Amino acid sequence: MMKKSYAKVNIFLKIANKRDNYHELVSRFVRVHSLYDLVSFEKSNNTKFNIIGDFGCKLESNTVYKAYKLLEKYDNVKTFFQNHDVKIEKNIPEFAGLGGGSSNAATFLIMTNEYCNLNLSKDELCEIAVKIGADVPFFVYEYDSANVRGIGEIVEKFDEEILDIQTITPKIKCDTGEIFSIFRNKFYKQIQDDEALKLLNTKSIDILNQLDIYTANDLYEPAVNAYSLLKEYEKKDWYFSGSGSSFFKVNNNG
């Protein structure tokens, strides 16, 4: 009972609108095949839900625990995790803009759906996923590349070649809430519908060839404003994922 839980990068990330306390996004998410955690279910004598792994948060804050709490209404889920531990071998850096926690939660949902015979569709799993976090639905669908809109709940597969993506993650812990706050106060802008449509219909490699690190991700400038050390990692052909702190590039893009 083991499954790979992949990282993602945002090829572009644009703010489209405000919805209550949330910002609606327009983004291209791409799965990073070379970087993944391993999620497994292992027999145990524990009588309550337990996660084995190296995490920088309390159990109650763990995305996998949140996913479990949304599924525990199913009797067979509760029974199953009274004699199975969830083990997560972490390789994806946490708080890095690579979606590690969201990916773990989605992988847990997919595995639990299978092993506990819940027979939930991807769309039904997505309805649960969006309650956990904005990036979780993307990982539930298991697309290599997808256009993601709204607060993460609209996920549309984008057909393109799989990219060889390389990432680096500085030891800078970016606070997403702080970066959005700075964006709102100092750098706020909204992408126009026609501009968004053009990006959503363009291949990732072509987008990266057309945009630089500042124009590809609306959150990069506010992130640098909050964490000036990020500037030291600015290099040609490298881009910024999510609210950071990870940078990425595409290898062998000709």
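**Reading a predicted fold, feature by feature**

Guide: Let's start with N119, which is exposed, with a relative accessible area of 68%. Exposed means over 50%, buried under 20%, and partly exposed in between (1.4 Å probe, protein chains only). The model is predicted, so local features need pLDDT of at least 70 and side-chain atom pairs pLDDT 80 or more, while totals for chains, interfaces and linings use all residues. Numbering runs from 1 along each chain as its sequence is written, and side-chain values use heavy atoms, leaving out hydrogens and water.

Visitor: What is the phi of N119, and where does N119 lie?

Guide: Most residues other than glycine have a negative phi, and most peptide bonds are trans. N119 has a positive phi, near 60 degrees, and lies in the loop between α3 and α4. Helices (H or I, at least four residues) and strands (E, at least two) are DSSP runs, numbered from the N terminus. F95 has a positive phi too, near 55 degrees; F95 sits in the loop between β4 and α3 and is partly exposed at 43%.

Visitor: Which residues does a cis peptide bond join?

Guide: G244 and S245, with omega about 15 degrees. S245 is in the loop between β8 (239-240) and β9 (247-250).

Visitor: On to the interior: which residues touch the most other members of the largest nonpolar core?

Guide: A nonpolar core is a set of buried Ala, Val, Leu, Ile, Met, Phe, Trp, Tyr and Cys residues joined through side-chain atoms within 4.5 Å. Here the largest has 36 residues, and F49, F81, V86, F108, L109 and V136 touch the most other members. Among the elements that each supply at least two of its residues are β2 (22-43), α3 (100-115) and α5 (136-141). Apart from it lies another core, of 24 residues, including A7 and I205.

Visitor: How do I read strand pairing, and in which sense do β2 and β4 pair?

Guide: Two strands pair if DSSP finds at least two bridges between them. β2 and β4 do so in the antiparallel sense over six bridges, with E42 opposite D85 in β4. Strand β3 (residues 51-52) pairs with β4 in the parallel sense over two bridges, and I51 stands opposite V86 there.

Visitor: And which residues of α6 are buried?

Guide: An α-helix has 3.6 residues a turn, so residues three or four places apart point the same way. In α6 (residues 176-187), I179, F180, I182 and F183 are buried. They sit on the same side of α6 because they cover an arc of only 160 degrees around the axis, taken from the directions from the helix axis to the C-beta atoms.
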